[in-house]
Amino acid sequence: MDQETHPFQAEVSRLLGIVTHSLYTNREIFLRELISNASDACDRLRHLAQTSPETGPGEEELRIVLEPDPAASTLTIADNGVGMNRDELIANLGTIARSGTAKFMEELAGDARRDLPLIGQFGVGFYSAFMVADRVSVVSRRAGEAGAWRWDSDGAGSFTTAPAAHDSARGTRVTLHLKDDAQEFLEPHRLQEIVRSYSDHVALPVMLKSAGKEEQINAGRALWTRPKSAITERQYAEFYRHAAHAFDEPWMVLHNRAEGVISYASLLFIPGARPHDLFQPERKHGVKLYVRRVFVTDHCDDLLPGWLRFMRGVVDSEDLPLNISRETLQKNPILAKMRSGLVKRILGELKTKAEAAPEDYAKFWENFGGAIKEGLYEESNERDALLGLVRFRSTGAEGWVSLADYVARMKPGQSLIYTAAGDDPDALKASPQLEGFRARGLEVLLLTDAVDEFWPAMVGGYNGKNFRSVTQGESDLSAFPLLDAATKEAEPPAKGIHSLVALLKLALTDKVKDVRESDRLTDSAVCLVADARDADLHLERLLRQHKRIETRAARILEINPRHPLIRSLAARVSDQGPDLKMDDLALLLLDQAQILEGEPLADPAGFARRLASIMQKGVGA
Ligand code: ADP
Ligand code: MG
């Protein structure tokens, strides 16, 4: 077969455009990326050998070799790992399969100066080779397959594939034709220095072959097997970037060894930045499973729960059989024990951090709080620990508030934890249903994550205090005095208010479930609330948006008996008696409440007509 030309996927072309034409200050990281890929390839080969021995390494040691060639001005990174066949070369080195790519691409401005820091975070993996090379060729032979394949590109729009020499060994050789300004990467010292700082944790030997000599230039021992005291922060961070394919700093490192009924080592990381796709349903955790230093899989769903899917790192079991298959892994009791041990360990460390460094913890919470809260309804065993970790925006204080903070600030006689759900904390703070709580100094927790709609009902309460939405059910606030009692409570209830309520009920019979006086309100005239038995307002909106329901539950209209408008209406009812024509006014009150709630009006034309007619009366037309 002859040489074939393939276009790069559009995203790759865009990325390469920025990578090749920019002066990236930290371009030595290309070596870290290529060594990381080589090490992954060796891990995968070792694992493959467990299931199909004929593909395995045999007697040969798995390793990575760096070969600078000053005469040709090339640097080759060679591994004897799993290799790639033609289709894999095309798929892996012609597209970006990484999740979150689409969103990342949208964020790129097309201006190198602005985009570079972003790319630094996203990472370009293999394509970083084009920061230092104007041509890259890859020769690879897939384990267990006969022929080898060649991949060539100058990073401008396309690449070629062709069959390679028959005697190619298994594995991959990536050869970089170094740019004129990248000749430093031929110098043995420079290469050694880069490997020490970025790739020392790689568990295989990294060899430098230069001037006929070969020497190992990394420690070559799995990082998690080394004692904590012998590992620097920098080494942990580089290992994190390698294991997680990440480009940020880890927010927390958890390095532990569990010994007892079961034994395992774990080196886990909480990322410093939130991945783009944290809330995409297919998102999986990024913790790799090893068995006695041999990589087994990075898709072991049961190793950690979904609400810890932001975790990265490795877990290395001493007890599982090496040749365990993904199917038998699933219901394995050892795995279940490791899972619960890991969950406890992670929650314990988070608790310590939350207490010792609340500001730092807030950063974690902003990134991953939305995922942690899913644990409240998925993980009933850990509910208490999780309730200690959750944080909220609140009307009672700036910043993040814990449930313990809330309870400590509760008013005498208060037995409920009040909550309000919505999309945006500021909009929520302004909602009419909160007025009466504010006027009494009752704190309300603002629930702004989608998952907040589901866990409070499931969890029930905290420390014996039940959660209660301010937009649902009756709010008996009369037990709590108003803060400026002198002005408001002194006012006698409006005369005729009961008849007004009765008339409104009559006028709105088929539109609302009930009309009642409210002590939720101080400034607004009206608001809507949900019946205690119906879905809360925000939840219903959410379900409708996601097309999970189509119906709307009828709401309860609450009116503010102290509002001047309501007072004068009540006065008129009591003067003119029950014959008063209320229909338009009643509808307008309901329209108003709906607008406040951000609900679409059932009859906008009718609303406009009613409003115009009232305005006409107002201006005396
Ligand atoms: P990532 O490593 O994050 O998946 P890269 O851009 O670094 O992204 O690599 C893309 C893919 O190319 C890898 O996932 C792997 O499948 C393949 N690949 C790259 N280098 C090698 C190699 N040396 N041996 C085998 N496969 C490789
Ligand atoms: Mg990579």
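Colleague: Which residue stands opposite arginine 391 in E16?

Modeller: Serine 402 stands opposite arginine 391. Keep in mind that this is a predicted model.

Colleague: What makes E15 and E16 a pair?

Modeller: Two strands pair if there are at least two bridges between them. Strand E15 (residues 391-394) and strand E16 (residues 401-402) are joined by two bridges, so they meet that mark. They run antiparallel. Six residues lie between the strands of this hairpin. Among them, glycine 399 takes a positive phi near 75°.

Colleague: How do you know that E15 also pairs with E18?

Modeller: By the count of bridges. At least two are needed, and two join E15 to strand E18 (residues 444-447). These strands also run antiparallel. Here arginine 393 stands opposite leucine 446.

Colleague: Why are E21 and E22 called edge strands?

Modeller: The sheet is open, with three strands in the order E21-E23-E22 and mixed pairing. Strand E21 (512-517) and strand E22 (526-529) each have a single partner strand, so one side of each has no neighbour in the sheet. From one strand to the next, the twist averages 25°.

Colleague: What makes E21 and E23 a pair, and in which sense?

Modeller: Five bridges link E21 to strand E23 (residues 555-559). The cut-off is at least two, so the two strands pair. The sense is parallel. One residue match is aspartate 514, whose bridge partner in E23 is isoleucine 556.

Colleague: Which helix packs on this sheet?

Modeller: Helix H18 (residues 497-507) does, touching E21 and E23. The direction of H18 makes about 170° with that of E21. Angles run from 0 to 180 degrees between N-to-C directions, so the two directions are close to opposite.

Colleague: What makes the approach of asparagine 37 to ligand 1 a polar contact?

Modeller: The limit is 3.5 Å between N or O atoms. An N or O atom in the side chain of asparagine 37 is 2.8 Å from an oxygen atom of ligand 1, so the pair qualifies. Aspartate 79 has a polar side-chain atom 2.9 Å from a nitrogen atom of the ligand. Phenylalanine 126 uses a polar backbone atom, 2.9 Å from a ligand oxygen. Taken alone, ligand 1 exposes 540 Å², and the protein buries 82% of that.

Colleague: How many residues surround ligand 1, and of what kinds?

Modeller: There are 13, and Asn92 and His245 are among the closest. The shell divides into five nonpolar, five polar and three charged residues. Helix H2 (residues 29-51) gives the most, with four residues.

Methods
Residues numbered from 1 in each chain as written. Chains lettered and ligands numbered in written order. Predicted model: local features only at pLDDT ≥ 70, side-chain atom pairs only at ≥ 80, totals over all residues. Heavy atoms only, no water. Near = heavy atom within 4 Å. Polar contact = N/O pair within 3.5 Å; in protein donor to acceptor, adjacent residues only side chain to side chain. Areas by Shrake-Rupley, 256 points an atom, 1.4 Å probe, with all protein chains shown as cover. Nonpolar A, V, L, I, M, F, W, Y, C, P; charged D, E, K, R; others polar. Contact = heavy atoms within 4.5 Å.
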